[in-house]
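Biologist: Please give me a close look at a single part of this model, the loops and their backbone. Then carry on to whatever else the atoms show.

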Amino acid sequence: MTTRIIGTGSCLPKKVLTNTEMETIVETSDEWIKSRTGIEQRHMAIQETTTSLAVEAAKRALEDAKTQAEEIDLIIVGSVSTDRHFPSTACEVQSAIGAVNATAFDINAACSGFLFGLGIANAYFASGTFRKALIIGAEVLSKMMNWEDRSTCVLFGDGAGAAVVEKSEEGIISMTQGSDGAKGGVLSCCNRPVNNPFVTNDTALDYTSMNGQEVYKFAVRTVPEAISKVLGDAGVSPDEVKYFVLHQANIRIIEAVSKRLGQSMEKFPTNLQKCGNISAASVPILLDEVNKAGMLNKGDKIVLAGFGAGLTWGAALVTW
Ligand code: UT7
């Protein structure tokens, strides 16, 4: 028994913010952003919210999977940028799509959120609790940026991706997840501080801060290790993998992973050029693009991998 991906969907906000337009907001240049990251533009929510993007991605995934909302018995949303502390985005999605039979909750595993969500669904399926799930990554990261900090605001974007997964005989072959909370300080954004009748705290809202070089080193070490682990556990060689669908943070990280695995960059589809880094949404949006482009055939082996704040990481070897 395992978990099969049977449909995908995604949604990006209409507004596109190009590197050239970014030059009018912070002291940066198209040349710097492109050469250091590969990013050329990103989408920004104006009318959209984390929930509305998640709902649209979920509807598109259901349509692709030819599945009715009532058939879904589990909804998991990975996000670091929910609209509300509560109710969860997953419960809002449940209501919006009419998934009346679902149990719904959010998880925060940052950019690994989709991979962690897949792992939770897989464990629920194995235990016999649920049979069909919607796994969603949804973010409006633009609201969490300090728009005067060029070292972060140029990197991130907004959007949502989703997949319908079901209990099946084929699908996920092997997966791994991990965390290193001791290094959490290298990429963080604080929530409200303690504030009650006994403590007065009027600290200003916090925004995303990152030690880019530390996250970079972590990524180029951990992602190839995680991928090698899922391949090794399954006895599958990297040559047998059709595509490596990686979290979209930086083209240089993806190039380093491709080199480390001895695999051509053609096997690493990317969308960071037009989307930037969308944390938990990156992997499912890219997976949807690869799927909708007709690049996958039944039986193909693909690897999904995410990494990010926490620190967290996850990888899965999947038969399509
Ligand atoms: O999803 C979470 C995962 N996050 C990541 O994976 C991020 C991983 N890290 C990275 O992708 C890279 O470290 C960055 C793209 C964030 C930064 O690239 P870098 O090559 O490590 O640059 P740096 O931080 O060493 O900065 C180099 C220079 C600095 O100037 P000085 O000190 O050399 O004069 C920065 O102030 O570039 C400057 N700089 C910029 N210049 C123009 C930083 N941001 C910008 C900018 N435009 N936007």
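**Loops first, then the ligand and the salt bridges**

Modeller: L311 sits in the loop that runs between β12 (301-308) and β13 (312-319). Keep in mind that this is a predicted model. The peptide bond between G310 and L311 is cis, and its omega is about -5°.

A cis bond also joins F86 to P87, with omega at about 0°. P87 belongs to the loop between β4 and α4. S81 is in the loop between β4 (74-78) and α4 (89-97). Is S81 buried or exposed? S81 has a relative accessible area of 1%, so it counts as buried, the cut-off being under 20%. The side chain of S81 has a polar partner: one of its polar atoms is 2.8 Å from the backbone nitrogen of V140.

Now for phi. K66 has a positive phi, near 50°, and K66 is not a glycine. Its loop lies between α3 (50-64) and β4. K66 is exposed because its relative accessibility is 74%, where the bar is over 50%. A110, another non-glycine, has a positive phi of about 50°. The loop that holds A110 links β5 (103-107) and α5 (113-127). A110 has a relative accessible area of 4%, so this residue is buried.

G294 also has a positive phi, about 70°, and comes just after α10. That helix is mostly covered, with nine of its eleven residues buried. Among the buried ones are S282, V283, P284, I285 and L286. L287, D288, V290 and N291 are on the list too.

Helix α10 brings us to the salt bridges. The structure holds 14 of them. One pairs K274 with E289, the closest N and O atoms being 2.9 Å apart. K274 is in helix α9 (residues 272-275) and E289 in helix α10 (residues 282-292), so this pair ties together parts 15 residues apart in sequence. K274 counts as partly exposed because its relative accessible area is 34%. E289 is partly exposed as well, at 23% relative accessibility. Elsewhere, shared partners link E71, K132 and E166 into one network of salt bridges.

Another bridge stays inside one helix. D30 and K34 meet through their side chains, at 3.0 Å from N to O. The two residues lie in helix α2 (residues 30-37), four residues apart, which is about one turn of the helix. D30 is partly exposed at 22% relative accessibility. K34 is partly exposed at 37%.

K15 and E21 form a further salt bridge, with their closest N and O atoms 3.0 Å apart. K15 is partly exposed, at 30% relative accessibility. E21 is partly exposed, with a relative accessible area of 33%.

Next, the ligand. It is surrounded by 23 residues, and the closest are T28, R36, Q213, N250 and N277. What makes up that shell? It divides into eleven nonpolar residues, eight polar and four charged.

Several polar atoms approach the ligand. A side-chain N or O atom of R36 is 2.8 Å from one of the ligand's oxygen atoms. G212 uses its backbone: an N or O atom there lies 2.9 Å from a ligand nitrogen. N277 places a polar side-chain atom 2.7 Å from a ligand oxygen. On its own the ligand has 960 Å² of accessible area, and the protein covers 73% of that.

Which elements give two or more residues to the shell? They are α2, α6 (150-153), α7 (212-234) and α8 (251-261). The most comes from α7, with four residues. Helix α2 is also where D30 and K34 pair up.

Where does the ligand lie with respect to the domains? Residues of its shell come from domain 1 (2-169) and also from domain 2 (174-319), so the ligand lies between them.

Terms used. Residues are numbered from 1 along each chain as its sequence is written. This is a predicted model: local features need pLDDT of at least 70, side-chain atom pairs count only at pLDDT 80 or more; totals for chains, interfaces and linings use all residues. Side-chain values use heavy atoms; hydrogens and water are left out. A salt bridge is a side-chain nitrogen of Lys or Arg within 4 Å of a carboxyl oxygen of Asp or Glu. Buried means under 20% relative accessible area, exposed over 50%, partly exposed in between (1.4 Å probe, protein chains only). A residue is near a molecule or strand if one of its heavy atoms lies within 4 Å of it. A polar contact is a pair of N or O atoms within 3.5 Å; within protein, one must be able to donate a hydrogen and the other to accept it, and residues adjacent in sequence count only if both atoms are side-chain atoms. Accessible areas come from the Shrake-Rupley method with a 1.4 Å probe; for residues, only the protein chains shown count as cover. Ala, Val, Leu, Ile, Met, Phe, Trp, Tyr, Cys and Pro count as nonpolar, Asp, Glu, Lys and Arg as charged, and the others, Gly among them, as polar. Domain bounds come from an automatic or database domain assignment.
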